[in-house]
Every structure is written in structure tokens, then in C-alpha cells.
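Colleague: Got a minute to go through this one with me? I'd like to talk about charged pairs first, then something else.

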Amino acid sequence: MFEDLELVLGQLADETRPVRSIDLTRLSDLPRAEAVRFDAAWADLTAARRLETVRTMVERAEANIHLNFHAILRRCLSDSDEQIRRLAVDGLWEDEKPSLVGRLVTLLTNDPIADVRAAAATSLGRFVLLGVLGEITEAAAHQAEMALRAAWARAQQPNEVRRRALESLAYCTDPAVCDLIETAYNDDDGRMRRSARLCHGSQR
């Protein structure tokens, strides 16, 4: 099995070879014991190669429910390339483990790129919903909700982030969220008003 991993990593290192020609199955459900070797090889790849690899993994996981690249995508949440961080967030849309909440909150709070923060805000919405449904701990759901509220209220926060935060907060049962939606209805930004209408539909 270790030899299989070495083969895949060696193929990824050959950047003249398209990633789509490589069998990435060996990277699915990557055991923790092999993560160190993967991390070392990953760090040697160029940003363009890493992005191509992540994009291919996300596409293949969407096409094949038996592939699970969550272990790698979680690592990519701290990648130096903003496109990789954004794609990793999107690729983790099926990951409902509460341990992901903290990682997403960090991105929403600290990432310097608005698109990444907006993606994190959207991703946190499912944890708010899971909390409402009683499928995760109250602590995890509360952490997600508080981070989204802070993102909405943050001074100088771009509307793209704020409206994604609002859409995720719409799953809350707190009546105060209705006031936030009403504020969005009266925003000068048409995209914010569309988000308000979407939120109204979510609360029905």
C-alpha cells in the first residue's frame, strides 16, 4: 500500500503529466499514518499543480460517491494559494464532522481573501442547520452561528461575505435573525436583497 502511495506521489511530481491521467484513488481515505509522507510531497508541488490536483479530486469525488478526499482537502484549507483554499472549502460540502467547524470559523474570521471567507460562511450554514436538527452538539452549532453573526456585523466586511453569512443564519430559529433579513431587504445592493428573499424562503 505504501508503494502505491509513492507511485501516485511520484506521478504528481511529474508536472509534465496531466493530473487527469493519474489514478488518484490511492489518495481516497488517506490513513493518518501516511499523512506525513503526503504532506512532504505536497509541499514540493507548485501552486498550479496543487490546484489542478485539488480540482480533479473534487470533480472525481462528485462523480463517484465512493471516493473521499476529505483528509487531503482539510489540509488544503491552510494552503498558501487562495484558489486552493476556496476549492477545498467547496469540496468539503459533504463533510459534516463537527471538527470542521473550527477550521471554517478560522477562515471566515481571518482569511485575507473575501471569496474564501464567503465560501466558509456558506459552508458553515449546514452546521447551523445540523444544530437545529439536533444532529451535532449545541457547542459546535453555537460556534458556527456566532462566527456568522460576527461576520455579518464586522465593519468593512464586503457584502459578498455578509450576504453569505446571512443566508447561513437563516436556518436559525432565533427571531432576531428576522431583523437581519429585514435589514438586508432594504440594502442598496441588489445581491443582498436577493439573499434576503432567499432567507425568507428558508425560514418558511
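**Salt bridges and a buried alanine**

Modeller: Sure. Let's start in helix α3, residues 47-63, where R49 and E52 both sit, 3 residues apart, or about one turn of the helix. Keep in mind that this is a predicted model.

Colleague: OK, and how far apart are the closest N and O atoms of R49 and E52?

Modeller: They are 3.5 Å apart, and the two residues form a salt bridge.

Colleague: Is R49 buried or exposed?

Modeller: R49 is buried, because its relative accessibility is 2% and the cut-off for buried is under 20%. Its partner E52 comes out at 23%, so E52 counts as partly exposed.

Colleague: How many salt bridges does a search of the whole structure find?

Modeller: The search turns up 17 of them. Take D174 and R149, whose side chains meet with 2.7 Å from N to O. That pair links distant parts of the chain, 25 residues apart. R149 belongs to helix α8, residues 138-153, while D174 is in the loop between α9 (159-169) and α10 (176-185).

Colleague: And why does D174 count as partly exposed?

Modeller: Because D174 has a relative accessibility of 30%, and partly exposed runs between the 20% and 50% limits.

Colleague: Which residue does R191 meet in a salt bridge?

Modeller: E160, at 3.6 Å from N to O. R191 is in helix α11, residues 190-202, and E160 is in helix α9, so their contact ties together parts 31 residues apart in sequence. R191 itself is partly exposed, at 34% relative accessible area.

Colleague: Which residues do salt bridges with shared partners join into one network there?

Modeller: The network takes in E160, R163, R164, E167, D189 and R191.

Colleague: Changing topic: where does A120 lie?

Modeller: A120 is in helix α7, which covers residues 114-132. With 0% relative accessibility, A120 counts as buried.

Colleague: What does A120 touch, leaving out residues up to four places away in sequence?

Modeller: Its contacts are V89, L104, L107 and L108.

Colleague: Last one: how far apart are A120 and R20 in space?

Modeller: The C-alpha atoms of A120 and R20 are 27 Å apart, and the two residues are separated by 100 residues in sequence.

Colleague: Great, so for my notes: R49 with E52 in α3, the E160 to R191 network, and A120 buried.

Modeller: Yes, and add D174 with R149 at 2.7 Å.

Definitions and conventions
Residues are numbered from 1 along each chain as its sequence is written. This is a predicted model: local features need pLDDT of at least 70, side-chain atom pairs count only at pLDDT 80 or more; totals for chains, interfaces and linings use all residues. Side-chain values use heavy atoms; hydrogens and water are left out. A salt bridge is a side-chain nitrogen of Lys or Arg within 4 Å of a carboxyl oxygen of Asp or Glu. Helices (H or I, at least four residues) and strands (E, at least two) are DSSP runs, numbered from the N terminus. Buried means under 20% relative accessible area, exposed over 50%, partly exposed in between (1.4 Å probe, protein chains only). Contact means heavy atoms within 4.5 Å.
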